[in-house]
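Student: I would like a close look at a single part of this model, followed outward into its surroundings. Please take your time and keep the criteria explicit.

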Amino acid sequence: MFFLPAALPKSLTAKYLVILVTTFAVQESHALLARLFRLKSLSSLLLSQIDCAMLPRIYEKSPAELVQWCQEQGLPTYRAGQIQQQIFPNRATQFGEMTNLPAKLRELLAATFTLLPSEVVAHQIAKDRTEKLLLQLHDGSLVECVLMREDDRRTICISTQVGCGMGCVFCASGLLGLKRNLTTGEILEQVLRLDRLLPADEKLTNVVVMGMGEPLANLKNLLPALDRLTADDGLGLGARRITVSTVGLPEKIRELAQTGHQFNLAVSLHAPEAELRTKLVPVNKNIGIEAVLEAADDYFAITGRRVSYEYVLLGGINDLPEHARQLGHLLKSRIAHVNLIPMNGVKELPFAEPSAPQTGEFVAILESFGVPVTVRKRKGADIDAACGQLRMKREQQNLVVLKAGPQP
Ligand code: SAH
């Protein structure tokens, strides 16, 4: 604010005004310049961050593409193998750590690619040492993945989509619908981040593709990721240690069988007859139980792998003795295994966990048909372990998130 002194002679008033206006203009222009400068540096900062986030993950490239990239840069092709070694078994978290590579190459890699670009917005650790990561991707999408420890097993559960379009009525993942498919790199980053939670003397032993989304609806991006898990210059996991869980998309089940890998297939059946299944798993309406079972039979015929049927027990809805008998009839002549999953409570959903005696009776009936059955143990019960729960919670909190845990 500027005030004109009242007692100033008239001749001086004009001068004073000129000085005042000039001073004001200079001050303002300085402020303006400073503001512009701040804006410019802010925008270049933002641009550099966006640039960095937009660089591709190096493992979006297949091993063959990485070899080709090395050739294009005039590098010896063995560098591609060294890079893979650093990404997978060596668990590098930055290109700078890849000290088996020349410094110039490390710089080139950092200017061309990213390694672990998503942000860990939550890292929960349960009493049973189950760990869950919530990752935020460049577009703000949230993805969950889990590490479970049991005896000498180190199993991870990964997601393939942001949300899910299948609409299973008891599942938190589908509550907000499908946002998009994850890329191969986004699928692999979950594996790499969970692998890096393990101490140096422990290795991942199993992978279950049972997180958010329908894996077979994103087979195109999932298969190259699975290839990297099984490859000798990747994680070197046996295909039999990898399980893909599906709502039951017949043609995609056959496509998975044709890959020549012996992945385990888990089919989410959840009901022994069409009407009830359609109520619980709406996509069943256009597919039907028979088509799902036939595709699963083909999967067994082609791969020789026994198919698992997942069956979430919803108290009073699909866990009655008659349901167990119907399921027994359906599976008794098949080489199959039933995985009973007690409903994992989701606050927004009106389904109850099954009672223990009811579950026991269900198991006994299935066994009387000669169908092998296990009841899945709950892991990480104290950390929003059901798929999609944590993301759901965060979406509801409108991304007001608490950072915790390591950020490799
Ligand atoms: N779309 C795939 C992967 C889904 S998640 C599929 O349908 O198989 C893996 C398993 O967890 C599926 O069998 C799914 O139906 C089940 N599931 C989802 N929400 C659950 C909940 N709240 N309680 C128990 N199991 C659940």
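Student: How many of the 7 residues of strand 1 (residues 119-125) are buried?

Tutor: This is a predicted model, in which local features need pLDDT of at least 70 and side-chain atom pairs count only at pLDDT 80 or more, while totals for chains, interfaces and linings use all residues. Residues are numbered from 1 along each chain as its sequence is written, and side-chain values use heavy atoms, with hydrogens and water left out.

Strand 1 is mostly covered, since 5 of its 7 residues are buried; buried stands for under 20% relative accessible area, exposed for over 50% and partly exposed for what lies in between, with a 1.4 Å probe and protein chains only. The numbering of elements follows DSSP runs from the N terminus (helices are H or I with at least four residues, strands E with at least two). Strand 1 runs antiparallel to strand 2, to which 6 bridges join it, where pairing requires that DSSP finds at least two bridges between the strands. One such partnership sets glutamate 119 against glutamine 136 of strand 2.

The hairpin of these two strands has 5 residues between them, and arginine 129 lies in that loop. Phi of arginine 129 is near 70°, a positive value in a residue other than glycine, and at 44% relative accessibility this arginine counts as partly exposed.

On the strand 2 side, lysine 132 forms a salt bridge with glutamate 144, with 2.7 Å between the closest N and O atoms (the criterion is a side-chain nitrogen of Lys or Arg within 4 Å of a carboxyl oxygen of Asp or Glu). The pair links distant parts of the chain, with lysine 132 in strand 2 (residues 131-136) and glutamate 144 in strand 3 (residues 142-150), 12 residues apart. Both partners are covered, with a relative accessible area of 3% for glutamate 144 and 1% for lysine 132.

A search of the whole structure finds 14 salt bridges. Among them is the one between arginine 180 and glutamate 186, at 2.9 Å from N to O, and both of these residues are buried. Glutamate 186 also appears among the buried residues of helix 5. All 12 of the 12 residues of that helix are buried, so helix 5 is largely enclosed by the rest of the structure. Helix 5 (residues 184-195) reaches 17 Å from its first C-alpha to its last, close to the 16 Å expected (1.5 Å times one less than the number of residues).

Another salt bridge brings together the side chains of aspartate 298 and arginine 254, at 2.7 Å from N to O. Here, too, distant parts of the chain are linked, with aspartate 298 in helix 9 (residues 289-303) and arginine 254 in helix 7 (residues 250-257), 44 residues apart. Aspartate 298 is partly exposed, with a relative accessible area of 30%. Elsewhere, salt bridges that share partners join Arg57, Glu189 and Arg193 into one network.

Aromatic contacts are the next topic, and 2 aromatic pairs are found in the whole structure (rings of Phe, Tyr and Trp, the last by its six-membered ring, with centres within 6.5 Å; planes under 30 degrees apart are stacked, over 60 edge-to-face, and the rest tilted). Tryptophan 69 and phenylalanine 113 form an edge-to-face pair, with 5.1 Å centre to centre and 65° between the planes. Phenylalanine 113 sits in the loop between helix 4 (103-112) and strand 1, whereas tryptophan 69 belongs to helix 2 (residues 63-72), 44 residues apart. Both tryptophan 69 and phenylalanine 113 are buried. The pair of tyrosine 311 and phenylalanine 362 is tilted, at 5.2 Å centre to centre and 45° between the planes. Tyrosine 311 lies in strand 10 (residues 307-313) and phenylalanine 362 in helix 11 (residues 356-368), so this pair ties together parts 51 residues apart in sequence.

Finally, the ligand has 20 residues around it, of which Glu214, Ser245, Ser268, His270 and Asn344 come nearest (a residue is near when one of its heavy atoms lies within 4 Å). A polar side-chain atom of serine 268 lies 2.5 Å from an oxygen atom of the ligand, and for a side-chain N or O atom of serine 245 the distance to a ligand oxygen is 2.6 Å. Histidine 270 is found in the loop between strand 9 (264-268) and helix 8 (274-280). Phi of histidine 270 is near 65°, a positive value in a residue other than glycine, and histidine 270 is buried, with a relative accessible area of 5%.

Notes. A polar contact is a pair of N or O atoms within 3.5 Å; within protein, one must be able to donate a hydrogen and the other to accept it, and residues adjacent in sequence count only if both atoms are side-chain atoms.
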